[in-house]
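The following report looks at a metal site, a set of paired strands and a group of charged side chains. Please keep the sequence and the three-dimensional view at hand while reading.

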Amino acid sequence: MQMSESLDDLYRDVILDHYRRPRNQGLLPNPDLKSEGFNPFCGDQVVLTMTLDGAERIGEVGFEGEGCSISQASASMLAAHLGGRTLDEADALVRVFKGVMQGEELAPEQEEALGEIAALQGVREFPIRVKCALLGWTTLQDAIADYRKR
Ligand code: ZN
């Protein structure tokens, strides 16, 4: 089966590692930002919580979720990379990642900035899974938008 060979490439070690041992797992008790995301195409769910350390800088990050390995690994990678970033920086990161998922090629410095997240580029070859990979990121965008509306 050719499909499963390609999937082997897709589920690269870094993705499986995040799926099996999600980082930043568990919701924070008193978050400054919180949002829930759902991907009806696959049944994936992500709840993301964050605290702020003044000046719109992200402090603690915690998430919980259920769903396929791509959705949960992507949320774990995102959560692990958010601490210490400002909300503007987090927003910019989401835009870069969405661009990647829509087929934009990364400049070397962007690839370096994404670090292990760049492993998710392979998901583009499976359009149905792109929504899975984006779930945590759109949830983050919603959380930031909600916070700014207050
Ligand atoms: Zn999924």
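How are the donor residues of the zinc ion spaced in sequence? In this predicted model, the donor residues of the zinc ion follow the pattern C-x1-D-x23-C-x63-C. Cys42 lies in the loop between strand E1 (33-39) and strand E2 (44-52), whereas Cys68 lies in the loop between strand E3 (58-66) and helix H3 (69-82), so this pair ties together parts that are 26 residues apart in sequence. The coordinating atoms are Cys42 (SG), Asp44 (OD), listed twice, Cys68 (SG) and Cys132 (SG), and they stand at 2.1 to 2.8 Å from the zinc ion. The two loop cysteines can also be described by their accessibility: Cys42 counts as partly exposed because its relative accessibility is 36%, while Cys68, with a relative accessible area of 14%, is buried because the cut-off for that class is under 20%.

**Strands E1, E2 and E3**

Strand E2 pairs with E1 through seven bridges in the antiparallel sense, and E2 also pairs with E3, again antiparallel and over seven bridges. Val47 illustrates both pairings, since this residue of E2 has Glu36 opposite it and also stands opposite Glu64 in E3. Eight of the nine residues of E2 are buried, and the strand is thus mostly covered.

The turns on either side of E2 can be described in turn. The hairpin of E1 and E2 has four residues between the strands, and Gly43 there takes a positive phi near 85°. In the hairpin of E2 and E3, five residues lie between the strands, and Gly54 in the turn has a positive phi of about 55°.

**Salt bridges**

The count of salt bridges in the model comes to seven, and three of them are set out below.

| Pair | Closest N to O distance |
|---|---|
| Arg21 and Asp17 | 3.1 Å |
| Arg148 and Glu56 | 3.3 Å |
| Asp91 and Arg148 | 3.3 Å |

Which residues are linked with Arg148 in a network of salt bridges? The network links Glu56, Asp88, Asp91 and Arg148. Within this network, Arg148 forms a salt bridge with Glu56, the closest N and O atoms being 3.3 Å apart. Arg148 lies in helix H6 (residues 127-149) and Glu56 in the loop between E2 and E3, so this contact ties together parts that are 92 residues apart in sequence. Both partners count as partly exposed, Arg148 because its relative accessibility is 37% and Glu56 because its value is 30%.

The side chain of Arg148 also meets that of Asp91 in a salt bridge of 3.3 Å, N to O. This pair links distant parts of the chain, with Asp91 in helix H4 (residues 87-101) and Arg148 in helix H6, 57 residues apart. Asp91 is buried, because its relative accessible area of 15% is under the 20% cut-off. In the bridge between Arg21 and Asp17, the acidic partner Asp17 is partly exposed, with a relative accessible area of 26%.

**Glu109**

Is Glu109 buried or exposed? Glu109, which is found in helix H5 (residues 108-114), has a relative accessible area of 56% and is therefore exposed, the cut-off for that class being over 50%. From C-alpha to C-alpha, Glu109 and Trp137 are 20 Å apart in space, and they are separated by 28 residues in sequence.

Conventions: Residues numbered from 1 in each chain as written. Predicted model: local features only at pLDDT ≥ 70, side-chain atom pairs only at ≥ 80, totals over all residues. Heavy atoms only, no water. Donors = N, O, S within 2.8 Å, 3.2 Å for Na, K, Ca; no water. Helix = DSSP H or I, 4+ residues; strand = E, 2+ residues; numbered from the N terminus. Buried < 20%, exposed > 50% of the residue type's maximum accessible area, 1.4 Å probe, protein only. Pairing = 2+ DSSP bridges. Salt bridge = Lys/Arg side-chain N within 4 Å of Asp/Glu carboxyl O.
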